[in-house]
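The following exercises concern open and enclosed spaces in a protein and the residues around them. Each task is followed by a worked solution.

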Amino acid sequence: MTTLPWWTAAVVYQIYPRSFCDSDGDGVGDLPGIRSRLDHLVRLGVDAIWLSPFYRSPMKDFGYDVSDHCDVDPVFGTLADIDALIAECHAHDIRVLVDLVPNHTSDQHEWFQASRSSLDDPKRDWYVWRDPAPDGGPPNNWVAAFRPEPAWTFDEATGQYYLHLFLPEQPDLDWANPEVVEAMHDVVRFWLDRGVDGFRIDVVHGIGKDPALADDPDEVVGIPHTALNDRPETHPHLRELRRLIDSYPGERMMVGEVYLLDTHLVAPYYGRGDELHLSFNFPPLYTPWDAERWREQIETTTGLLDPIGAWPTWVLSNHDNRRHRTRYGGSEPRARAAALLLLGLRGTPFLYAGEELGLLDAEVPPERVVDPGGRDGCRAPLPWDPTHRHGWPSEPWLPFPPEADTHSAADEWADPRSTLHLYQRSMLARRASTALRWGDQRLLTCPVGVLGWVRSHGAEQRAVLVNFTADPVDLEGTEAFGATAGWVVEVASDGAAEGTTFRGRLAGDQALWLRPR
Ligand code: TEU
């Protein structure tokens, strides 16, 4: 039997620690809270978790502004808590990925404090400092994320500007400086030595910068530079990181957040199998719920990645974007069909905590918006039970999502027809099928509004059919029906008729997984 690395077969579950589970009643989720809910993840059947940052941070960007990479912020717990969480995950065969934020630090990090202290501080050139332009303005026209403002802030003390692709409180490190590279490698070693299985690497395509800091072209002015920064300088850094991570035993890995919104630009970040093990690919996330548009995304992705031996990833929701149920018009049946799409594609699927409950984004009133990027809605706290505060000991930092009264984990475990049970059933079926985990993928000709494909691995086969429309569709006479005649419904997104012979009809908003009899 083929043995491919664990991360090709894994379902990865993203936890945003602030919003998962609060153990101490301060309204913010924490590491002991996560540990107390591991039974939920074990039962659901996730293979790995990715923890968004829990490091020391002033929380201007809720942890993506790191002030100490090698310590836990007190709001989340202690190093002993992360050790205990890693150990307990491993005891349940769940791998642990942590977030590595290499592009920038907090302005409160001791490195930046030193850097800004004087022009000749030994850490001055750990960050990107430049003299003002002749008119006194910023050194170039780069725009920061979140607000349409320059990616440069002037520092009175030393009379220069420093670069920040995100908030002014998130100065960019200068990876052209070998001391920075070495310091970040030390951070990587620190966490690998503590036993993590790998890293999700934040804005990894950002670390190499144009040494000339040339202006962005006029036609893209206004687009944050982080979505444009695609430099050859980054690739040697990725090869070094790859060598470092691969030098550890036990198939450690990295999945990069390459936030370039074109798969053609993402593919090179896999290198020749010597850069990222996996890369996020966001164009599908930004694709509307439309069969033709999804067909293009699937063909583009596999067309670019298969030939270079790169393993795809698929993701519908995360802490930076409205949840897919919200984006797809709020329909839960549709979100459930999307789950079978996500888990049925060739590649590693990433789930975002709460999508297994079918959650919508919270409607956050203006006075409770706290994120500089306005991404609060998808970061709403998870409802654990139907009580007043849904298992949170005090009022959480953000309001609960709509339907928290009916979509808590306890409610959903109690109802075999729930979205949670659908995720559990499909993840079990995926675990049991080499075709679903590793199989080739051949798209089938289907009626308008439907996508279908067959996954094959050796003699094993599965078919996935997704009806993107709200109307029933008859497949009789199509290639899709020909390929699956006599097959059995293994998983249905609405739970209907599982275990019976497929008759060639898809209900509106329905997706099916089929297996040969
Ligand atoms: O995101 C990178 C990124 O480019 C996004 O912030 C994107 O610009 C924005 O979400 C669009 O709405 C990563 C993290 O995922 C994000 O949470 C951080 O804020 C950001 O990096 C800075 O570290």
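**Exercise 1.** Determine which residues lie nearest the centre of the second largest pocket, and describe its lining.

*Solution.* The model examined here is predicted.
Step 1. Thirteen residues line the second largest pocket, and those nearest its centre are Trp 6, Asp 47, Asp 93, Ile 94 and Arg 95.
Step 2. The volume of this second largest pocket is about 300 Å³.
Step 3. At least two lining residues come from helix H1 (6-9), and at least two from helix H15 (434-438).
Step 4. Sorted by class, the lining of the second largest pocket comprises 5 nonpolar, 2 polar and 6 charged residues.

**Exercise 2.** State which space the ligand takes, and describe that space.

*Solution.* Step 1. The ligand takes the space of the largest pocket.
Step 2. The largest pocket has a volume of about 400 Å³.
Step 3. Its lining consists of 22 residues; Phe 146, Phe 166, Tyr 259, Asp 320 and Arg 375 are the ones nearest the centre of the largest pocket.
Step 4. By class, the lining of the largest pocket contains 10 nonpolar, 6 polar and 6 charged residues.

**Exercise 3.** Identify the residues closest to the ligand, and find how much of the ligand's accessible area the protein covers.

*Solution.* Step 1. The ligand is surrounded by 16 residues, a residue being counted if one of its heavy atoms lies within 4 Å. The closest are Asp 61, His 104, Asp 202, His 319 and Asp 320.
Step 2. The shell around the ligand is made up of 5 nonpolar, 4 polar and 7 charged residues.
Step 3. Consider next the distances from polar side-chain atoms to oxygen atoms of the ligand: the distance is 2.9 Å for His 104, 3.0 Å for Arg 375 and 3.1 Å for Glu 257.
Step 4. On its own the ligand has 490 Å² of accessible area, of which the protein covers 90%.

**Exercise 4.** Report how many cavities of 30 Å³ or more the structure holds, and describe the largest.

*Solution.* Step 1. There are 4 cavities of 30 Å³ or more.
Step 2. The volume of the largest cavity is about 60 Å³.
Step 3. Among the residues that line the largest cavity are Ser 317, Arg 323, Glu 355 and Tyr 423. Helix H11 (324-327) and helix H14 (419-431) are the elements that give two or more residues to this lining.
Step 4. The classes represented in the lining of the largest cavity are 3 nonpolar, 4 polar and 3 charged residues.

Notes:
Residues are numbered from 1 along each chain as its sequence is written. This is a predicted model: local features need pLDDT of at least 70, side-chain atom pairs count only at pLDDT 80 or more; totals for chains, interfaces and linings use all residues. Side-chain values use heavy atoms; hydrogens and water are left out. On a 1 Å grid over the protein atoms alone, a cavity is a set of points where a 1.4 Å probe fits but cannot get out, and a pocket is an open set with protein on both sides within 12 Å along at least five of seven lines; lining residues have an atom within 4 Å of a point. Grid points are joined across faces, edges and corners, and a volume is the space filled by probe spheres set on the points. Helices (H or I, at least four residues) and strands (E, at least two) are DSSP runs, numbered from the N terminus. Ala, Val, Leu, Ile, Met, Phe, Trp, Tyr, Cys and Pro count as nonpolar, Asp, Glu, Lys and Arg as charged, and the others, Gly among them, as polar. A polar contact is a pair of N or O atoms within 3.5 Å; within protein, one must be able to donate a hydrogen and the other to accept it, and residues adjacent in sequence count only if both atoms are side-chain atoms. Accessible areas come from the Shrake-Rupley method with a 1.4 Å probe; for residues, only the protein chains shown count as cover. A molecule sits in a cavity or pocket if more than half of its atoms lie within 2 Å of its grid points.
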